[in-house]
Amino acid sequence: MIKTISSLRNSLVLPLHVHIRTLQSFSKYNVQAASALQEERKKPTHQDDDEYADMDWDNLGFGLTPADYMYVMKCSKDGEFTKGELSRFGNIQLSPSAGVLNYGQGVYEGTKAQRKENGKLLLFRPDQNAVRMQIGAERMLMPSPSVDQFVDAVKQIASANKRWVPPPGKGSLYIRPLLMGSGPILGLAPAPEYTFIVYASPVGNYFKEGVADLNLYVEEEYVRAAPGGAGGVKSITNYAPVLKALRRAKSRGFSDILYLDAVKKKYLEEASSCNVFVVKGRTISTPATSGTILEGITRKSVMEIASDQGYQVVEKAVHVDEVMNADEVFCTGTAVGVAPVGTITYQDKRVGYETGDESVCQKLRSVLVGLQTGTIEDTKGWITCIN
Amino acid sequence: MALRCLSQSSTTFSYLSKICGFRMHGTKAAASVVEEHVSEMVGTERVDEDYADVDWDNLGFSLVRTDYMFATRSCREGNFEQGCLSRYGNIELNPAAGILNYGQGLIEGMKAYRREDGRVLLFRPELNAVRMKKGAERMCMHSPSVQQFIEGVKQTVLANRRWVPPPGKGSLYLRPLLFGSGASLGLSAASEFTFLVFGSPVQNYFKEGTAALNLYVEEVIPRAYLGGSGGVKSISNYGPVLEVMRRAKARGFSDVLYLDAETKKNIEEVSASNIFLVKGNTIVTPATNGTILGGITRKSVIEIAIDLGYKVEERVVPVEELKDAEEVFCTGTATGVASVGSITFQNTRTEYKVGDGLVTQQLGSILVGIQTGSIQDIKNWVVEID
């Protein structure tokens with residue numbers, strides 16, 4: 001079925017995003033077709049032996065192209081996660097009264113697998129995602145897989161879906177672990193059963209700007225998180241409430257939004273799905289993670305790389321005025337990588353920043369990417385090699 | 001053929017398409033399908049049964065699997081297809097569905113009551129429909145029209161009629177649910193939404209039964225904040241407070257009273273109900289300024305109180321006022337009008353008058369009377385559904 005859809009896509013002269021939407025609307029939104037698709041995919045085909053899936057590797061965006069296999073593991077409220085296994089990607093079954101559907105009891109993660117020139121697959125600090133999911137699960141009253149179980153699942157997903165890992169330099173396999181309250185619950189309380197799922201999709205650039213500079217908008221009406229809330233963990237509940245602000249900013253031509261703190265509305269927090277850094281001279285500042293900001297793994301890694309390179313790295317409260325006076329601004333995240341910010345607009349004032357090959361952002365980015373793709377030696381034990 | 005599907009299927013969402021080939025339009029059709037289905041089940045269930053086999057004297061607030069649920073999906077333009085009933089059971093979702101990854105979902109809460117004469121009543125369902133619409137707009141979702149919402153709820157109640165408790169024994173709690181079922185990888189609104197309604201017979205929400213509640217004022221964790229989604233019934237408001245609730249319950253409290261996030265000086269609401277303070281002839285409740293859910297029970301109680309001659313104030317309520325109140329009560333669809341016996345704030349426990357003859361009981365009994373049809377409904381709040 002995949003081959004048929006791919007050939008159909010290739011034979012039509014249409015932009016890729018339309019192809020992907022066609023693929024999605026054909027097979028993913030229609031439940032009957034999805035079930036039928038599932039049936040087809042169960043049959044072994046010669047495609048399993050191909051080195052690469054049939055994708056246009058030069059034009060990957062960040063749309064969903066589910067890789068063949070997903071991983072599922074379940075747990076009761078007081079029990080442990082056991083018997084995780086791979087299965088063909090397909091719909092999951094949930095009770096209409098599942099905790100995740102009624103009360104937002106869910107956390108997720110994001111990590112990537114890269115293909116090295118020699119064909120091996122590389123994972124970047126998956127143990128960090130595992131620990132972060134555990135912290136998030138605890139905040140949301142969920143049991144979580146152990147670090148070993150999490151990392152093993154991610155490894156299995158990368159291996160089983162190897163042909164979906166783009167060729168070196170073309171992108172990566174984005175891996176999405178998801179933990180949800182799947183058991184039924186009526187009154188407001190934790191679910192009695194939990195499900196841990198991992199699925200994956202090959203991706204290129206997160207923003208439609210590609211690798212071009214981002215244009216950000218400082219949001220003053222909508223707030224991403226408040227002290228005491230769940231903003232510091234990767235809870236699904238942090239995301240839907242900002243869709244409105246994000247949609248509005250995008251419709252005005254911005255790439256993403258910078259959120260301010262809930263109390264004073266003067267301090268920088270982060271963007272919708274990445275952390276933010278401000279460069280002034282040899283000092284790189286980033287908002288301290290005091291409970292409202294997600295502690296990014298890319299953020300943490302970039303801070304260490306910058307420190308190694310001799311920059312003064314400071315975690316502190318970053319006032320919005322400091323941002324407007326900075327030399328450079330960049331964002332970090334698993335999905336976005338290390339992305340340079342070209343402009344920030346705050347209260348009708350638009351400020352431009354240095355970007356380009358000589359920028360601090362680019363220097364840090366190339367070290368990080370080098371490590372993640374295995375072209376720079378990994379002396380910190382950040383890289384897990386599989387296959 | 002469709003009826004055989006109904007009786008045999010364990011029912012996943014994929015059966016929806018088979019059943020919808022025989023679409024059920026209107027509540028009459030739903031009722032006739034149920035009657036025929038019940039008559040087919042001779043041998044497996046008692047045919048003449050008016051009620052499901054439930055211990056009506058011992059209902060709490062746990063999920064009881066009923067017979068049917070209602071569902072419909074939106075198409076790309078945002079309109080919802082004509083929905084249909086299917087056997088209550090699991091639904092299928094893409095792992096990359098918007099609700100699972102980004103929390104894009106709204107809930108509602110309603111109750112169907114059985115009147116003494118056997119008729120089944122809904123209470124102000126159009127308000128829930130409108131509230132869901134408002135919530136959908138805030139959460140970048142498409143929503144069913146008010147008419148589609150009410151129709152879906154009615155069909156669910158009718159099809160599950162035998163699960164509506166006998167008069168005075170509780171109600172059929174209804175959970176309309178709207179969520180992003182379409183899949184996406186990056187953070188964006190889903191492009192397909194599912195509207196679903198299921199029900200469960202319930203009686204008292206709290207394990208205390210009808211005994212007065214003991215609340216704890218939470219100072220660290222807010223329920224909502226300005227610029228957030230607290231003012232709509234988004235699922236994202238609930239998961240983050242589970243931790244606070246558990247801690248409070250472990251210490252013997254019934255529930256938690258939250259303060260505003262910005263100053264931590266004013267009371268907002270309880271985990272799943274609004275709050276009222278009574279002093280003399282004045283009844284005070286926090287104004288809905290965007291962080292507090294505009295409860296339908298809250299709105300109704302305000303009106304009943306005004307009709308009775310009370311002075312009702314919707315305003316900012318500083319936490320200090322808790323000390324001076326004579327009575328305190330909570331309102332919600334699930335909780336009803338519930339007396340609060342005590343509130344603990346910073347290790348100080350204030351107690352309130354509870355019992356018969358008080359304002360709380362007066363307002364509560366009028367509301368229940370209207371909802372169950374024993375008091376004349378002059379405000380057209382009640383909808384008879386068959």
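Start with chain A, whose secondary structure comes to ten helices and 18 strands; helices (H or I, at least four residues) and strands (E, at least two) are DSSP runs, numbered from the N terminus. The model is predicted, so local features need pLDDT of at least 70 and side-chain atom pairs count only at pLDDT 80 or more, while totals for chains, interfaces and linings use all residues. Residues are numbered from 1 along each chain as its sequence is written, chains are lettered from A and ligands numbered from 1 in the order in which they are written, and side-chain values use heavy atoms, with hydrogens and water left out.

**Chain A as a whole**

Colour chain A by accessibility: of its 387 residues, 58% count as buried. Buried means under 20% relative accessible area, exposed over 50%, and partly exposed in between (1.4 Å probe, protein chains only). Among the contacts in chain A with a separation of 6 or more, 70% are between residues 24 or more positions apart; contact means heavy atoms within 4.5 Å.

Select Gly119(A), in the loop between strand E5 (111-115) and strand E6 (121-124) of chain A. Gly119(A) is buried, at a relative accessible area of 17%. Add Ala271(A), 152 residues from Gly119(A) along the chain; the two C-alpha atoms are separated by 34 Å.

**Salt bridges within each chain**

A search of the whole structure finds 33 salt bridges over all chains. The rule asks for a side-chain nitrogen of Lys or Arg within 4 Å of a carboxyl oxygen of Asp or Glu.

Select Asp68(A) and Arg88(A), a salt bridge whose closest N and O atoms are 4.0 Å apart. The pair links distant parts of the chain: Asp68(A) is in the loop between H3 and strand E1 (69-76) of chain A, and Arg88(A) is in strand E2 (residues 82-88) of chain A, 20 residues apart. Asp68(A) is buried at 3% relative accessible area, and Arg88(A) is buried at 15%.

Next, select Arg132(A) and Glu109(A), where the closest N and O atoms of the salt bridge are 2.8 Å apart. Arg132(A) lies in helix H5 (residues 126-139) of chain A and Glu109(A) in the loop between strand E4 (106-108) and E5 of chain A, so the pair ties together parts that are 23 residues apart in sequence. Both ends are buried: Arg132(A) has a relative accessible area of 12% and Glu109(A) one of 1%.

In chain B, select Asp67(B) and Arg87(B), a salt bridge with its closest N and O atoms 3.6 Å apart. Asp67(B) lies in the loop between helix H3 (26-40) and strand E1 (68-73) of chain B and Arg87(B) in strand E2 (residues 84-87) of chain B, so this pair ties together parts that are 20 residues apart in sequence. Asp67(B) is buried at 10% relative accessibility, and Arg87(B) is buried at 13%.

**Between the chains**

Now show both chains. In the interface, 70 residues of chain A are in contact with 70 residues of chain B. The area buried between them is about 5,800 Å², of which carbon and sulfur atoms give 63%; buried area is the accessible area (1.4 Å probe) that two parts lose on being put together, summed over both.

Across this interface the rule finds two salt bridges. One to select is Arg139(A) with Glu243(B), the closest N and O atoms being 3.8 Å apart. Extend the selection to the network of salt bridges that links Arg139(A), Glu218(B), Glu243(B) and Arg247(B).

For a backbone link, select E3(A) and strand E3 (residues 91-93) of chain B, which run antiparallel and are joined by three bridges; two strands pair if DSSP finds at least two bridges between them. Here Leu94(A) stands opposite Ile91(B).

**Strand E7 of chain B**

Finish at strand E7 (residues 171-180) of chain B: ten of its ten residues are buried, so the strand is largely enclosed by the rest of the structure. Ser171(B), Tyr173(B), Arg175(B), Leu177(B) and Phe179(B) point one way from E7(B), and Leu172(B), Leu174(B), Pro176(B), Leu178(B) and Gly180(B) the other way.

Then add the partner strands of E7(B):

- Strand E4 (residues 105-107) of chain B is antiparallel to E7(B), with three bridges; Gly105(B) has Phe179(B) as its bridge partner.
- Strand E5 (residues 110-114) of chain B pairs in the antiparallel sense over three bridges; Met110(B) is partnered by Leu174(B).
- Strand E8 (residues 193-202) of chain B pairs in the antiparallel sense over ten bridges; Pro201(B) stands opposite Leu172(B).
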